[in-house]
Amino acid sequence: MDTRVRDEQELGRLRDDFRGWRIWRAVKQDGRLGEWVASLHDPRVGVEPTLMFPTASLLRQALVRQAERAQVRSV
C-alpha cells in the first residue's frame, strides 16, 4: 500500500478517535510531508494548544495523555 494512502488512513483514524482536535500533516518547504500536528479545539479533551510529533503513533500517544490530563484537571 502506498505511503500516502496509509498516512491518509491513519489521519482519518486519528480524527475519528480525537474529535476535539484538528489534526493534519505539516508540509515542508520542499513539498514533502512533515510533522503530525494536532491543534486543540475543545479544552475539555486536552491541555496543550498544539502538539507536533514526527510519527502518527507518537501523536496518538500524546493525544491519549492529553485526554488523561484534561480529565484530571476537570475533577
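In the predicted model, three strands form an open sheet in which the strand order is 1-2-3 and the pairing is antiparallel. The edge positions are taken by strand 1 (21-27) and strand 3 (50-53), each of which pairs on one side only. From one strand to the next, the twist averages 20 degrees. Strands of a sheet pair through backbone hydrogen bonds, in either a parallel or an antiparallel sense. Here strand 1 and strand 2 pair in the antiparallel sense over six bridges, while four bridges join strand 2 (residues 33-40) to strand 3, again in an antiparallel arrangement. Ser39 takes part in both pairings: Ser39 is the bridge partner of Arg22 in strand 2, and the bridge partner of Ser39 in strand 3 is Thr50. The hairpin of strand 1 and strand 2 has five residues between the strands, and within this hairpin Gly31 adopts a positive phi near 95 degrees.

The sheet is set within a protein chain that contains two helices and three strands, arranged along the sequence in the pattern α-β-β-β-α. The C-alpha trace spans about 45 × 25 × 15 Å along its principal axes. Of the 75 residues in the protein chain, 31% are buried. Among contacts with a separation of 6 or more, 31% are between residues 24 or more positions apart.

Both helices are in contact with the sheet. Helix 1 packs on the sheet through strand 1 and strand 2, and the direction of helix 1 makes about 160 degrees with that of strand 1. Helix 2 lies across strand 1, strand 2 and strand 3, and runs at about 150 degrees to strand 3.

The two helices are also in contact with each other. Two packed helices are described by the angle between their axes and the distance between the axes. For helix 1 (residues 3-17) and helix 2 (residues 56-74), the axes come within 11 Å and cross at roughly 5 degrees. Because angles under 35 degrees count as roughly parallel, helix 1 is roughly parallel to helix 2. Helix 1 contributes Glu10, Arg13, Leu14 and Asp17 to the contact, and helix 2 contributes Ala56, Leu59, Arg60 and Leu63. Classified by residue type, this contact of helix 1 with helix 2 comprises four nonpolar, no polar and four charged residues.

The largest nonpolar core has 12 residues in all, namely Leu11, Leu14, Phe18, Trp21, Ile23, Trp36, Ala38, Leu51, Ala56, Leu59, Ala62 and Leu63. At least two residues of this core are supplied by each of helix 1, strand 1, strand 2 and helix 2. Helix 2 provides the largest share, four residues. Leu14, Ala56, Leu59 and Leu63 belong to this core and also take part in the contact between the helices.

Trp21 is one of the core residues. Residues up to four places away in sequence being set aside, Trp21 touches Ala38, Ser39, Leu40, His41, Val45, Gly46, Glu48, Pro49, Leu51, Leu63 and Gln66. Among these partners, Ala38, Leu51 and Leu63 are likewise listed in the core.

Three further residues illustrate different local environments. Asp7 is located in helix 1 and counts as buried, because its relative accessibility of 17% falls under the 20% limit. Beyond residues up to four places away in sequence, Asp7 touches Arg25, Leu33 and Trp36. Of these partners, Trp36 is a member of the largest nonpolar core.

Val27, by contrast, lies in strand 1 and counts as exposed, with a relative accessibility of 58%. Apart from neighbours within four places in sequence, Val27 is in contact with Arg32, Leu33 and Gly34. Leu33 is thus a contact of Val27 and is touched by Asp7 as well.

Arg69 is placed in helix 2 and, at 41% relative accessibility, counts as partly exposed. Outside the neighbours within four places in sequence, Arg69 is in contact with Val47 and Glu48. Glu48 is touched by Trp21 as well. The C-alpha atoms of Arg69 and Arg44 are separated by 9.8 Å, the two residues being 25 residues apart along the chain.

Conventions
Residues numbered from 1 in each chain as written. Predicted model: local features only at pLDDT ≥ 70, side-chain atom pairs only at ≥ 80, totals over all residues. Heavy atoms only, no water. Axes fitted to C-alpha atoms, helices over the stretch in contact; angles between N-to-C directions. Parallel < 35°, antiparallel > 145°, perpendicular 65-115°, else oblique. Contact = heavy atoms within 4.5 Å. Nonpolar A, V, L, I, M, F, W, Y, C, P; charged D, E, K, R; others polar. Pairing = 2+ DSSP bridges. Core = buried A, V, L, I, M, F, W, Y, C linked by side-chain atoms within 4.5 Å. Buried < 20%, exposed > 50% of the residue type's maximum accessible area, 1.4 Å probe, protein only.
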